[in-house]
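Reader: I am new to this one. Please pick a single part and go through it closely, in plain words.

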Amino acid sequence: MVTHDLPKVKLGVRFPLLAFYITMSQTFIKLVENFTCGQCGAIVIGDGYTNHCPRCLYSQHVDISPGDRLAECRGLMAPIALERRHGVDQILHRCLKCHYTRANRTAPTDDLAALTDILL
Ligand SMILES: [Zn+2]
Ligand SMILES: [Zn+2]
């Protein structure tokens, strides 16, 4: 009898996971912005937090305040420095068009070699 019960147990485990996955996907659709990197052409899959390319670390000048997407500049923002603020690693980005500078959190997906390159 134990062997007959096993499939039911497996399904019971799978369905909540599937429901969780669908819920998370729907939540993320509102926040996620995929974009093509204007610097290296990489297709960046947004996670709702990352606003820079994980490969070359370039960003785009789209915000006046973080996340508002109200800036009309749309210039490429180059990674110019790494710094640690409040225990969080940040990439300092400078807009190539208007020289606006802002710090952005590093993401786990960021290319480690590219991060190291900023320091050199
Ligand atoms: Zn890039
Ligand atoms: Zn700008």
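**The sheet and its loops**

Author: His99 is found in the loop that links β5 (88-95) to β6 (101-105); strands here are DSSP runs of E with at least two residues, numbered from the N terminus. The model is a predicted one, in which local features need pLDDT of at least 70 and side-chain atom pairs count only at pLDDT 80 or more, while totals for chains, interfaces and linings use all residues. Residue numbers start from 1 along each chain as its sequence is written, and chains are lettered from A and ligands numbered from 1 in the order in which they are written.

The two strands on either side of His99 form a hairpin with five residues between them, and in that turn His99 has a positive phi of about 65°. The residue is not a glycine, yet its phi is positive. His99 counts as exposed because 10 other C-beta atoms lie within 10 Å; the cut-offs, with C-beta atoms placed from the backbone, are 12 or fewer such neighbours within 10 Å for exposed, 20 or more for buried, and partly exposed in between. β5 and β6 run antiparallel and are joined by five bridges; strands count as paired if DSSP finds at least two bridges between them. Across this pair, Arg94 stands opposite Thr101 of β6.

The hairpin belongs to an open sheet of four strands, ordered β3-β4-β5-β6, with antiparallel pairing. β3 and β6 are the edge strands, each with a single partner, so one side of each has no neighbour in the sheet. In a regular strand, side chains alternate between the two faces of the sheet.

Moving inward from β6, β5 is joined to β4 by eight bridges, again antiparallel. Met77 stands opposite Cys95 in β5. The hairpin of β4 and β5 has two residues between its strands, and His86 there takes a positive phi near 50°.

At the other edge, β3 pairs with β4 in the antiparallel sense over two bridges, and Gln60 has Leu76 of β4 as its bridge partner. The loop between β3 (59-60) and β4 (76-85) holds Arg74. Phi of Arg74 is near 60°, another positive value outside glycine. Arg74 is exposed because it has 11 C-beta neighbours inside 10 Å.

Met77 also belongs to the largest nonpolar core, which has five residues in all: Cys53, Leu57, Tyr58, Met77 and Ile91. Such a core is a set of buried Ala, Val, Leu, Ile, Met, Phe, Trp, Tyr and Cys residues joined through C-beta atoms within 7 Å. Apart from neighbours within four places in sequence, Tyr58 is in contact with residues including Cys53, Leu76 and Met77; contact means that the C-beta atoms, placed from the backbone, lie within 7 Å.

Cys53 leads to one more loop. Among residues beyond four places in sequence, Ala42 is in contact with Cys37, Cys53 and Arg55. Ala42 and Arg55 are 13 residues apart in sequence, with 7.2 Å between their C-alpha atoms. Ala42 lies between β1 (35-36) and β2 (43-44), in the loop, and is partly exposed because it has 15 C-beta neighbours inside 10 Å.

How values were computed:
Contact = placed C-beta atoms within 7 Å.
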